[in-house]
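Trainee: I have a model open and would like to go through its helix packing and cysteines. Can we start with the helices?

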Amino acid sequence: MKTLLIVAHAPSENTRLMVEAVLKGAQHPDIEQVQARWVPPLETTPEDVLACDAIILGTTENLAYMSGALKDFFDRCYYPCLEVKQGLPCALYVRAGNDGTGTCRAVETICTGLRWTWIQAPLVCRGDWQISFLDQCEELGMTMAAGLDVGIY
C-alpha cells in the first residue's frame with residue numbers, strides 16, 4: 001500500500017471543499033493500492049512526509065505568496081526531509097484571488113530545493129469561486145493516486 005499525503009491549508013468553506021475534492025479523486029474505487037490522507041500544514045510533521053510516497057500541496061494565495069501555514073510546514077520539514085525524500089512526486093493547487101504566479105513560484109522554488117519531482121504544472125483556481133474548481137481538484141487527486149497505483153510515480 002502506498003501513501004499519498006495531502007498537505008493543504010483550508011481556512012474557508014470553499015478551500016475545505018477543494019481539499020475534500022482532492023481526497024475524493026484520490027480515493028476513487030478503482031485505485032486500490034493507495035491510501036490518501038489529508039493533514040493540515042500546521043499539523044504535518046517531518047515523519048508524515050518521510051512516510052509518504054507522493055505529496056499534494058494546497059494553499060491559498062496570500063499577498064502573492066503561499067499561506068503562512070504552508071510556509072510553516074516547509075520551515076519545519078525542509079531539512080529533515082531534504083536528503084531522504086529526493087524525487088518525491090509532488091503536485092500543487094492554489095486558490096488564487098488574483099493570478100497565483102507569486103504563490104506558484106515560491107512553492108516551486110522550495111520544492112526544487114527539496115529535489116521533488118513535479119507530476120504536472122500547478123493547478124491554479126483563480127478569480128471568483130467556481131464550482132468547476134472542485135472537478136479540477138478531484139482530477140488532480142485521481143491523477144496522482146492513479147499514477148502511484150500503477151507505478152508511474
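Trainee: At what angle do the axes of helix α1 and helix α5 cross?

Mentor: First, keep in mind that this is a predicted model. The axes of α1, residues 13–26, and α5, residues 132–150, cross at roughly 40° and come within 6 Å. That angle makes α1 oblique to α5, because it is not under 35 degrees, the limit for roughly parallel.

Trainee: And which hand is the crossing of α1 and α5?

Mentor: Right-handed.

Trainee: Which residues make the contact?

Mentor: From α1, they are Leu17, Met18, Ala21, Val22, Lys24, Gly25 and Ala26. From α5, they are Leu134, Cys137, Glu138, Gly141, Met142 and Ala145.

Trainee: How do the residues of that contact divide into nonpolar, polar and charged?

Mentor: Nine are nonpolar, two are polar and two are charged.

Trainee: Next pair. How do α3 and α4 pack?

Mentor: Their axes are 10 Å apart, at an angle of about 10°. Since that is under 35 degrees, α3 counts as roughly parallel to α4.

Trainee: What meets what between α3 and α4?

Mentor: Leu70, Phe74, Tyr78 and Leu82 of α3 meet Val107, Ile110, Cys111, Gly113 and Leu114 of α4. That contact has eight nonpolar residues, one polar and no charged.

Trainee: Back to Leu70 for a moment. Is Leu70 buried or exposed?

Mentor: Leu70 has 0% relative accessibility, so it counts as buried. Its place is in α3, which spans residues 68–82.

Trainee: What is Leu70 in contact with, leaving aside neighbours within four places in sequence?

Mentor: Val7, Pro41, Leu57, Gly58, Thr59 and Val107. As for Leu57, it is 13 residues from Leu70 along the chain, and their C-alpha atoms are separated by 8.2 Å.

Trainee: Change of topic. How many disulfides does the structure hold?

Mentor: Zero.

Trainee: Which cysteine sulfur is nearest to that of Cys81, and how far away is it?

Mentor: That of Cys77, 5.3 Å away, and Cys81 is in no disulfide. The cut-off for a disulfide is 2.5 Å between sulfur atoms. Cys81 is at 1% relative accessibility and therefore counts as buried.

Trainee: And what about Cys104, where is its nearest cysteine sulfur?

Mentor: On Cys125, 10 Å away; Cys104 is in no disulfide.

Trainee: Buried or exposed, for Cys104?

Mentor: Cys104 counts as buried because its relative accessibility is 9%, and the limit for buried is under 20%.

How values were computed:
Residues are numbered from 1 along each chain as its sequence is written. This is a predicted model: local features need pLDDT of at least 70, side-chain atom pairs count only at pLDDT 80 or more; totals for chains, interfaces and linings use all residues. Side-chain values use heavy atoms; hydrogens and water are left out. Axes are lines fitted to C-alpha atoms, for helices over the stretch in contact, and angles run from 0 to 180 degrees between N-to-C directions. Helices (H or I, at least four residues) and strands (E, at least two) are DSSP runs, numbered from the N terminus. Angles under 35 degrees count as roughly parallel, over 145 as roughly antiparallel, 65 to 115 as roughly perpendicular and the rest as oblique. A crossing is left-handed if the near helix is turned anticlockwise from the far one by less than a right angle, and right-handed if clockwise. Contact means heavy atoms within 4.5 Å. Ala, Val, Leu, Ile, Met, Phe, Trp, Tyr, Cys and Pro count as nonpolar, Asp, Glu, Lys and Arg as charged, and the others, Gly among them, as polar. Buried means under 20% relative accessible area, exposed over 50%, partly exposed in between (1.4 Å probe, protein chains only).
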